[in-house]
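Grab a pencil and work through these exercises one by one. Each comes with a solution you can follow step by step.

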Amino acid sequence: MTNPEAKLVCRNVWKLFGADAASFLAAHGGHPGAAAITEAGLVGAVRQVDLDVREGEIFVIMGLSGSGKSTLVRLMSRLIEPSGGDVLFKGENLLKVSQARMIEIRRHQMGMVFQHFALLPHLTVLDNVAFPLDIQGMSRAAREARAREMIELVGLAGKERAYPRQLSGGQQQRVGIARSLAVEPEIWFLDEPFSALDPLIRREMQDEFMRLQTVLHKTIVFITHDFDEAIRLADRIAIMKDGEIVQAGTPEEIVLTPATSYVAEFTRSVARAKVIRARSLMVAARPGDAEGPTVSGRSNISEAAPLFLDGVSHLGVTDDAGKLIGRLERDAVVSLMLRG
Amino acid sequence: MANRLPLAWLLALGAFVIFWLFAGPYLPAAFEYPKAHVIKLAKWISAAMKWLIDEASFGLFSFTDLTRFISAVLDVPYTVASSLLSTGFLEGSGSSAIQIVPPLPWIAVIGLVMLLGHWLGGRSLALLSGACFLFLAVFGQWTSAMITLASILVAAPLGVIFGLLFGIAAWRWRWLERIIMPLLDLMQTIPVFAYLVPVLFLFGFGPTAAVIATLIFATPPMIRIAILSLRAVPDEIIDLGHMVGCTDRQMTWRVMVPAARESLMVGMNQVIMLSLNMVIIASMIGAGGLGFDVLAALRRLDFGAGLEAGFAIVALAIAMDRLSQAAAEKLSAPSPENRATGFLARHPYLLAGLALVLVTSALGYMIPAIRTYPEALQLSTGTFWSEVVAWINVNFFDTLEAIKNAMLLNVLIPFKRFLGGLPWLGVTALLGFAGYRLGGWRLAVLTTCLPLFIAVTGQWEKAMITLYLCGISAVIASLIGIPIGIYSATRDRVWAWVQLAIDTLQTLPSFVYLMPAVMLFRVGDFTAMIAVVAFAVAPAIRYTALGIRKVDPKLIEAGRAMGCTEWQILTRIRLKLALPEILLGLNQTIMFALSMLVITALVGTRDLGQEVYIALTKADTGRGLVAGLSIAAIAIIADRLISAGAIHARRRLGLE
């Protein structure tokens, strides 16, 4: 099941809170039932999680509060010690490595953005962004040059000398993002990065985040409790409930075929046209489609729909390289949009 | 459950009264603890201490070597500080000593303090702290004040450092916290004098011993604050530290301590103020300085001199409090960037200070008035105050005496007799019952064992005297403080003034309170009571006012809307909801009263405090510690019962 392009793999990962959770887990062969957990007086924060995060994708873990999503992301970086299972990062089992190796990995290959920003109040923006590099022991000149670059990247140039408390929430999170990117991480964890922001700022930051990703192509684990945010940003989504992943798949798969009634609750109010992409609705291309108007296979239907206003009956669908891969028919789009 | 409560209390009280009235002839041992069964804990402790001094050895070195080593180490910074500030650097010792370098000129010290004030808090702070120090010079308290200051300059930074290190260790290792926390709780309730006895025994008499006692006294709050502020660092910041790959050391010094800086600074202020308080009290084991002046004046009953030294302490306290508060604010807020280049431009204050010291020292060789404040310009108010006291005594002697006697005869003595006659067994049982009703079995065990400890170590009688003085003082302090709190709570401008007054009162070392009381009423229980009340009234005011001010304004509005009169709003809404806070205030009042009570041993009480004081004069560690622990026991019982009561009240009011 290990995907060759998987960067981070969780195999049967468990986190039980309570006394002696590891031996309890071993005694139940690594798969205790919910009843047994309760009976032992333990709390199953994360239960039997299997997932793989692929190179260059945005993997969103979505769940309501108490679903275990924040615990899961901390298990992936071993901020919290799992009770059982394996976490493989580039093939290396993080749970088996030494403390020193873990520090090494975190210093150079992981970056994390926090819900409440976690900026150090006594440092300026510049020093905050340079902090991870400082911890690595990088020289002042080198780390400040790198930090300035990152501050520029997130659009905060000119604020280098400000202190966190002098910034707005959105600006503070930009600092958090710049800091997490300063070490050029191979995997980028974002723990509800926009939840503490006002709705308008949140939208703006999501756009900013997408813009960054088109530049950076990071492998991303993104935690959120906001289903719309998940749909908007994700390449793939895992939905968590009570510590378990109830469904994992692309936004389209989840919206079109919710696995449980719990997932269906979330998807019900989502406009299909905003989730389903052109390449999912397309049919085989016919000769001559390349001449007419075309649309990227990545665009969703609500983005493609306006192109039909010109009176065309179909659009060519292209892949990222611009090659024709299929055609999108007007009737299919209309009927999808009418269904809502 | 709730409505059965009073019945249970009534039954328990009834049983207690019956036991008290009728059990006497049958069970005399319940009234007076049999002397034959007193556990001689005090003697054991003294013997153990003696063994420590005479025989204990860690192989390579003996215990005495250790204590001597500690003294020697601490003596170095103290000698430097006191040489700088008061004695000058000396060659040789005793009376044959020759001064090779004189101390800092008084003008330089005032200048440095003003520079510090200006750096920390601008011009107004510079003026205030300068004025406080000038006061010391003008009123002839300079030398003593500088000795006191030298002790604080040594003790306070060490206290902050040790406290921080202990706090960090306890934060990192949970087991250490589990050991330290109960110890800190206990140390907070043991009266200050009790610390002095073992210190005196182990480290002898002198300024170094006083510094050690001050350290022991002032460090625990810093440990507590350090633990609390490290715990209060958000989890995300800790996660961040791990995510960027901090080592343990980087985690502590680059992430945790800076992130907790703001609250750690509050600890610094506390350590400084507690050090001042303790250095004054430690004059009893040779700290010298202002505390000694007050003590000597008390012994001579020289009110003028005592009051002057008292004022000097107040001036010093105000300066140190404001300076350290400003430092806390300044150092915890990020500083605006200093863009200046070059050493000169980046350190203007440092350079100005150095220049000042050099110039004034050089001038001091030519003009003595710059080095030491000229005696001719000194003002002494000592005689004035003595005359005022004499005048008051001549003109109001009868009135004061009448007040004192009336209180003594009608309140103090009957209450003392009443408490003295209670059976210890019955009291213990009643306390156990109260503990059970308010806090369950665990509290019941505590509130039974502690009075038992007092009884079996043979302290019961003195404990009752302590209880009587403390109880009456706490009641009177509450009777004064709660109405003031109520009055000022709803009047913002009055409250601002009252707050300033009680803040200032609380920065004053407890010693200072004795002087005016002795002046007017001489020695005795009544005087002690006055001093205790004056000291303990502040928390009663503060908590009452804060409790009332915290009441949700919507409820007041709702009350108005229903047509309540002001009186009804006060009694039905404000006071009811403020009750838990007022109870906490009462708790604090009792704690303050107990800590002051020990100090009033100097004016001739006959309670546990006196026991500690006597132990101190005899360097009898066991006796001092046992009496000190008994006072701590009383404090703990009162604290736990009232806290449990407050929680009860909060639940009943639906606040929790």
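## Exercise 1: two domains

The C-alpha centres of domain 1 of chain A and domain 2 of chain A lie 34 Å apart. This is a predicted model, where local features need pLDDT of at least 70, side-chain atom pairs count only at pLDDT 80 or more, and totals for chains, interfaces and linings use all residues. Residues are numbered from 1 along each chain as its sequence is written, while chains are lettered from A and ligands numbered from 1 in the order in which they are written.

Task: find which residues each domain of chain A covers, and how many residues each gives to the contact.

Solution. Start with the bounds, which come from an automatic or database domain assignment: domain 1 is 6–272 and domain 2 is 274–339. Next, count the contact (C-beta atoms, placed from the backbone, within 7 Å): seven residues come from domain 1 of chain A and eight from domain 2 of chain A. Finally, look at who contributes on the domain 1 side: helix α10 (residues 251–256) of chain A gives the most, with three residues. Helices here are DSSP runs of H or I with at least four residues, strands are runs of E with at least two, and both are numbered from the N terminus.

## Exercise 2: an unusual phi

Task: say whether Asn12(A) is buried, exposed or partly exposed, and where in chain A you'd find it.

Solution. First, the background: most residues other than glycine have a negative phi. Now check Asn12(A): its phi is near 45°, a positive value. Then place it: Asn12(A) lies in strand β1 (residues 6–17) of chain A. Last, count neighbours: Asn12(A) has 15 C-beta neighbours inside 10 Å, so it counts as partly exposed. The cut-offs are 20 or more other C-beta atoms within 10 Å for buried, 12 or fewer for exposed, and partly exposed in between, with C-beta atoms placed from the backbone.

## Exercise 3: crossing helices

Task: work out at what angle the axes of α21 and α22 of chain B cross, and which residues meet.

Solution. Begin with the axes, which are lines fitted to C-alpha atoms over the stretch in contact, with angles from 0 to 180 degrees between N-to-C directions. Those of α21 (residues 514–521) and α22 (residues 525–550) of chain B come within 9 Å and cross at roughly 145°. Then list the partners: Leu514(B), Ala517(B), Val518(B) and Phe521(B) in α21(B) meet Phe526(B), Thr527(B), Ile530(B) and Ala531(B) in α22(B).

How values were computed: Two residues are in contact if their C-beta atoms, placed from the backbone, lie within 7 Å.
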